[in-house]
Amino acid sequence: MEARVNGNCIGCGMCANICPEVFTMTGEGTAAALEDLVPPGWEEQAGEAADSCPVDAIELD
């Protein structure tokens with residue numbers, strides 16, 4: 001599974017709080033995926049983070 005944060009991000013930090021193994025906050029105040037691929041075992045939490053994003057900024061494939 002691949003994870004990306006698109007330009008819709010408003011920097012609420014919810015994804016990084018829910019799944020810090022996949023998402024982090026940047027110095028610019030927006031979120032980013034730590035790696036392109038979600039580590040094994042973290043797919044469910046990454047999905048929860050995506051579902052919780054208020055602006056649909058997280059893309060999972």
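User: Which helices each supply at least two residues of the lining of the largest cavity?

Analyst: The model under discussion is predicted. As a general idea, rolling a probe the size of a water molecule over the atoms shows where empty space is left. In this structure, α1 (14–18) and α2 (43–52) each contribute at least two residues to the lining of the largest cavity.

User: How many cavities of 30 Å³ or more does a search of the whole structure find, and what volume does the largest cavity have?

Analyst: The search of the whole structure returns one cavity of 30 Å³ or more. The volume of the largest cavity is about 90 Å³.

User: Which residues of the lining lie nearest the centre of the largest cavity, and how is the lining divided by class?

Analyst: The lining comprises 17 residues, and those nearest the centre are Cys9, Cys12, Cys15, Cys53 and Pro54. Divided by class, the lining has 14 nonpolar residues, three polar residues and no charged residues.

User: Several cysteines appear in that list. How many disulfides does a search of the whole structure find?

Analyst: A disulfide is a covalent bond between the sulfur atoms of two cysteines. Here the search of the whole structure finds zero disulfides. Cys9 is in no disulfide, and the nearest cysteine sulfur, that of Cys15, is 6.2 Å away.

User: Why does the sulfur of Cys12 not form a bond with the closest cysteine sulfur, in Cys53?

Analyst: The sulfur of Cys12 lies 5.9 Å from that of Cys53, which is too far for a bond, because a disulfide requires two cysteine sulfur atoms within 2.5 Å.

User: Are Cys9 and Cys12 buried or exposed?

Analyst: Cys9 counts as buried because its relative accessibility is 18%, which is under the 20% limit. Cys12, by contrast, is partly exposed, with a relative accessible area of 44%.

User: What should be read from the largest nonpolar core, and which residues have the most contacts inside it?

Analyst: In soluble globular proteins, nonpolar side chains tend to be buried together. In this model the largest nonpolar core has 14 residues, and Cys15, Val22, Phe23, Ala49 and Ile58 have the most contacts inside it. Helix α2 provides the largest share of this core, three residues.

User: Which residues does Ala49 touch, not counting residues up to four places away in sequence?

Analyst: With those sequence neighbours set aside, Ala49 touches Cys15, Ile18, Cys19, Phe23 and Ile58.

User: Where does Ser52 lie, and which residues does Ser52 touch beyond four places in sequence?

Analyst: Ser52 belongs to helix α2. Not counting residues up to four places away in sequence, Ser52 touches Met14 and Ile18. Ser52 and Ile18 are 34 residues apart in sequence, and their C-alpha atoms are 8.8 Å apart in space. Ser52 is partly exposed, with a relative accessible area of 26%.

User: Asp51 is also found in helix α2. Is Asp51 buried or exposed?

Analyst: Asp51 is exposed, at a relative accessible area of 71%. The C-alpha atoms of Asp51 and Cys9 are separated by 13 Å, with their positions 42 residues apart along the chain.

User: Where is Glu2 placed, and with which residues is Glu2 in contact beyond four places in sequence?

Analyst: Glu2 is in the segment before β1 (3–5). Leaving aside neighbours within four places in sequence, Glu2 is in contact with Asp36, Leu37, Val38, Glu59, Leu60 and Asp61. Glu2 and Leu60 are 58 residues apart along the chain, whereas their C-alpha atoms are separated by 5.5 Å. Glu2 counts as partly exposed because its relative accessibility is 38%.

User: What sign has the phi of Asp56, and where is Asp56 placed?

Analyst: Most residues other than glycine have a negative phi, and most peptide bonds are trans. Asp56 is not a glycine, yet has a positive phi of about 50°. Asp56 is in the loop between α2 and β4 (58–60), and counts as exposed at 56% relative accessibility.

User: In which loop does Gly41 lie?

Analyst: Gly41 is in the loop between β3 (31–33) and α2. Gly41 is exposed, with a relative accessible area of 56%. The C-alpha atoms of Gly41 and Arg4, 37 residues apart along the chain, are separated by 17 Å.

Technical notes
Residues are numbered from 1 along each chain as its sequence is written. This is a predicted model: local features need pLDDT of at least 70, side-chain atom pairs count only at pLDDT 80 or more; totals for chains, interfaces and linings use all residues. Side-chain values use heavy atoms; hydrogens and water are left out. On a 1 Å grid over the protein atoms alone, a cavity is a set of points where a 1.4 Å probe fits but cannot get out, and a pocket is an open set with protein on both sides within 12 Å along at least five of seven lines; lining residues have an atom within 4 Å of a point. Grid points are joined across faces, edges and corners, and a volume is the space filled by probe spheres set on the points. Helices (H or I, at least four residues) and strands (E, at least two) are DSSP runs, numbered from the N terminus. Ala, Val, Leu, Ile, Met, Phe, Trp, Tyr, Cys and Pro count as nonpolar, Asp, Glu, Lys and Arg as charged, and the others, Gly among them, as polar. Buried means under 20% relative accessible area, exposed over 50%, partly exposed in between (1.4 Å probe, protein chains only). A nonpolar core is a set of buried Ala, Val, Leu, Ile, Met, Phe, Trp, Tyr and Cys residues joined through side-chain atoms within 4.5 Å. Contact means heavy atoms within 4.5 Å.
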